[in-house]
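Fresh page in the notebook. I want to get my bearings in a structure I have not looked at before, strand by strand and ring by ring.

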Amino acid sequence: METEICIIGAGPAGLMAAIFAARSGANVLVVEANTAPGRKLLMTGGGRCNLTHHGSPQEIVHAFGAKGRFLRHALYQFSPQDVQNFFVRLGLATRIEQDGCVFPATDRAGDVRDALVGQAKKLGVIFLYGKRVESVTKEADSFMIQAGQEHIRAQRLIIATGGLSWPQTGCTGDGYRFARLLGHTIVQPKASLVPLVTRETWTRQLAGTAVKDVTISTRIENKKLIASGAMVFTDDGIGGPAVQDMSRYLTDHLSSGTESIDVMLDLMPHLDSGELETQIIENISDNPKKKLVNVLAGFIPRRLAVVLCRQTDSDEELPAGQLRKDLRKKLIRAIKALPLSIVRTRPIAEATVTRGGVSIAEVESKTMESKICPSLFFAGEVLDLDGPCGGYNLQLCWSTGVLAGLSAARNKCTH
C-alpha cells in the first residue's frame, strides 16, 4: 500500500493533520491501533470535550511557560478563535464558559469526534483501524510502516500517537519508540495534570469531598507557585483541576528524588483572614447555641469542618458561642493556610497529559518537521509540551496538527 502522507494516530492531532493535509490536495492514510478514532478525545472535559481556552495566541503561549515559545507560530497559524470557527463551519456551534473554557454547544465529545472524522472522510482520507504500527523505517526518500499485515510506503510521515497518559485509550508510548529509532531524543515522560499523594493520611477521611474554589501555593527554588480552582480529597491525597495544575510544577521535582514538597491550601481564597474571622464571629453571634461544626459548614463542606475541628483540638459538638478566641484563630489559620506535604504524583496512567516526549529542540517550530529526519513530522502530545487544565492541551493538538498537515502536504515540493 502506498500513500503520500501516512499519519500514525487518529486522535485530535492526527485527525486535524489529516484534514488539513487532504484539503491541500495530498493523498492521506491514517493508521489507528484502536478499532475506532478519537478514544481519548471522547473522555476529555468529562465527556463534554473542552475544545480550547478563550484567549489570544500570546495568552496561550504564556500558559505553556518556558516551552510556549515553541508553539508561538502554530498558535498564530491556528488560534483558539480559529478552532471555534473551524467547528462552526463543520456545523458544531461552541460556547464560552465564564472561566474561559470553550465547549461544543451540545456538550458531547462524540459530536466533536464525529465532525472531524466526517470531514476527513469527505476529503478522501483513508482510515485503517485496529492496526497497531509495529515498525517504522526510513528508506531513501520514503518511510516503510509495518501495521499488522499491512505494508505501507509513505513519502511523508506524521507521528501523532499521544503520550503515556490514559493507556486505556490506546496511548502506549509507541510514538516515542518510532521517534527514537528515527534518531530523536525522548525527554523522560512524567505525569502531568495528575492527582497528588500526601504524607498526611487524614485526607482519606475526606475522600470524595469537593471544595469548589481553593488556592494552592508553594515555593520551589525561591519561586512562589500558585494554582486555583476546584479540588477534591482522595484516598491518598488531593485531586481536581487546581491540584492538576499544581502538579505541572511539582512533577519534575518529585521525580528527581525530592523527598516531599510542602504546599498550603487556602480553602476560602475570596476572603482574607480578617474578613473570614468577621463573618464567623457574626455567624456565631447570630447562632450562639448552634454546634461549631454546623457554623463552619456555612463556609466549608461539613466533613471538612469536622476534620479541621479535630486538627485544631476544637470540639465540633461545642456550642459555637463557647468557642475560645485562640481556637477560633487556629481554625481560621487552618481554613486559610492548611499545610500538606506532597510526596509523589499518582501514576502516569492516571494523568490527563504526559510531560516529556519528543524533544522540541529537534523539531522545526514553523513546520513541525524533524530537524533530524527529513519528511518526518510530529503533532500533539507526543511532543515534549504540556499545558494547564482548561482546553490548552487540545489547543496544542489542533494547532500542531494543522501545521504538521499543511507542512507535510507542501513538503513534496522541498525534498
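**Entry 1: the open sheet.** I started at Thr52, which stands opposite Val102 in β5. This is a predicted model, so I keep that in mind throughout. Thr52 and Val102 led me to the strands themselves: β3 and β5 (residues 101-104) pair in the antiparallel sense, over two bridges. Zooming out, I found three strands forming an open sheet in the order β3-β5-β4, with antiparallel pairing. Which strands stand at the edges? They are β3 (52-53) and β4 (94-96); each has a single partner strand, so one side of each is left without a neighbour in the sheet. I also looked up what packs on this sheet, and found helix α4 (residues 80-89), which touches β3, β4 and β5. The direction of α4 makes about 145° with that of β4.

**Entry 2: the barrel.** Next I traced a closed barrel of six strands, and noted its order as β11-β14-β13-β12-β15-β16, with antiparallel pairing. Neighbouring strands here are turned by 45° against each other on average, direction ignored. I picked one pairing to follow: β12 (residues 210-220) and β15 (residues 261-266) are antiparallel and share three bridges. In that pairing, Thr215 stands opposite Asp266 in β15. Then I checked which helix lies across β15 and β16 (338-345), and it is α11 (residues 325-336). Helix α11 runs at about 110° to β15.

**Entry 3: strand β10.** I wanted to know how enclosed this strand is. Five of the seven residues of β10 (residues 186-192) are buried, so the strand is largely enclosed by the rest of the structure. Its link to β17 (residues 353-358) is made by five bridges, and the two strands run antiparallel. I noted one facing pair there: Ile186 stands opposite Val358 in β17.

**Entry 4: rings.** How many aromatic pairs does the structure hold? I get seven. I wrote down the geometry of two of them. Phe78 and Phe86 have ring centres 6.1 Å apart and planes at 75°, so this pair is edge-to-face. Both Phe78 and Phe86 are buried. The rings of Phe127 and Tyr129 have centres 5.5 Å apart and planes at 20°, so I logged that pair as stacked. Phe127 is buried, at 13% relative accessible area, whereas Tyr129 counts as partly exposed at 27%. I also found an aromatic cluster formed by Phe20, Phe78, Phe86, Phe87 and Trp398.

**Entry 5: charges over rings.** Phe20 came up again here, with the charged end of Arg23 sitting over its ring, 5.0 Å from the centre. For Phe103, I found Arg48 over the face of the ring, at 3.7 Å from the ring centre.

**Entry 6: cysteines.** How many disulfides does the structure hold? I count zero. I checked Cys49, which is in no disulfide; the nearest cysteine sulfur belongs to Cys397 and is 10 Å away. Is Cys49 buried or exposed? With 0% relative accessibility, Cys49 counts as buried. Cys373 is in no disulfide either, and the nearest cysteine sulfur, that of Cys6, is 13 Å away. Cys373 is buried too, with a relative accessible area of 5%.

Definitions and conventions:
Residues numbered from 1 in each chain as written. Predicted model: local features only at pLDDT ≥ 70, side-chain atom pairs only at ≥ 80, totals over all residues. Heavy atoms only, no water. Buried < 20%, exposed > 50% of the residue type's maximum accessible area, 1.4 Å probe, protein only. Helix = DSSP H or I, 4+ residues; strand = E, 2+ residues; numbered from the N terminus. Pairing = 2+ DSSP bridges. Phe/Tyr/Trp six-rings, centres within 6.5 Å; stacked < 30°, edge-to-face > 60°. Lys NZ or Arg CZ within 6 Å of the ring centre and 35° of its normal. Disulfide = S-S within 2.5 Å. Contact = heavy atoms within 4.5 Å. Axes fitted to C-alpha atoms, helices over the stretch in contact; angles between N-to-C directions.
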